[in-house]
Amino acid sequence: MEEQPYIEKIEVNVEKISLYNPKYGDERVCQCGHPYRRHFDPYEHNEAVGCKYCDCMEFVEAKATDIIPREKLAEIGADIRNKLGPLANLIVLIERYKISENEKEADALWKYIEKEIEQCKISINYIKKLL
Ligand SMILES: [Zn+2]
Ligand SMILES: [Zn+2]
């Protein structure tokens, strides 16, 4: 067989590429603070190209503690504990009411209970809208 100028060799390059997952959730937030969708390039077949707003190359979902600063979390915690006050008071009042010894005492306690119920409603609505 006559010798050829080139020896032919077939090489297959296997490359793993990361693509956008439409089912993951565009609104999820990365540790870099930017949304999931921003880590992909729609002009490059939705390849993971890194965050378009910063140099973050890998999307890692942020935890609530990453998004809300520590001081703010402490503030929210204190706020919630404060708003639980009326609920704790209500329990104490109801427990006292159950063991009240006469009608006069029971009536007085009931008035406090009604007031505390209104405070509880306010607290519950406040906590519902907190975050
Ligand atoms: Zn990121
Ligand atoms: Zn980013």
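Me: In which helix of the protein chain is confidence lowest, and in which is it highest?

Reply: This is a predicted model, and mean confidence bottoms out at 74 in helix 1 (residues 64–67) and peaks at 96 in helix 3 (residues 85–98). For the protein chain, the mean pLDDT is 92, with 99% of residues at 70 or more.

Me: OK, what makes helix 3 and helix 4 roughly antiparallel?

Reply: Helix 3 packs on helix 4 (residues 103–128) at about 160 degrees, with the axes 9 Å apart. Angles over 145 count as roughly antiparallel, so that's the label this pair gets. Their crossing is left-handed.

Me: Which residues make the contact?

Reply: From helix 3 you've got, among them, Pro-86, Leu-90, Ile-94 and Arg-96. Helix 4 brings residues including Trp-110, Ile-113, Glu-116 and Gln-119.

Me: How do the residues of that contact divide into nonpolar, polar and charged?

Reply: There are 13 nonpolar, 3 polar and 2 charged. Arg and Glu count as charged, so Arg-96 of helix 3 and Glu-116 of helix 4 go in that bin.

Me: And where do the domains sit?

Reply: Domain 1 covers 15–67 and domain 2 covers 71–128, with their C-alpha centres 45 Å apart.

Notes
Residues numbered from 1 in each chain as written. Chains lettered and ligands numbered in written order. Predicted model: local features only at pLDDT ≥ 70, side-chain atom pairs only at ≥ 80, totals over all residues. Domains from an automatic or database assignment. pLDDT = per-residue confidence, 0-100. Helix = DSSP H or I, 4+ residues; strand = E, 2+ residues; numbered from the N terminus. Axes fitted to C-alpha atoms, helices over the stretch in contact; angles between N-to-C directions. Parallel < 35°, antiparallel > 145°, perpendicular 65-115°, else oblique. Left-handed = near helix turned anticlockwise from the far one by under 90°. Contact = placed C-beta atoms within 7 Å.
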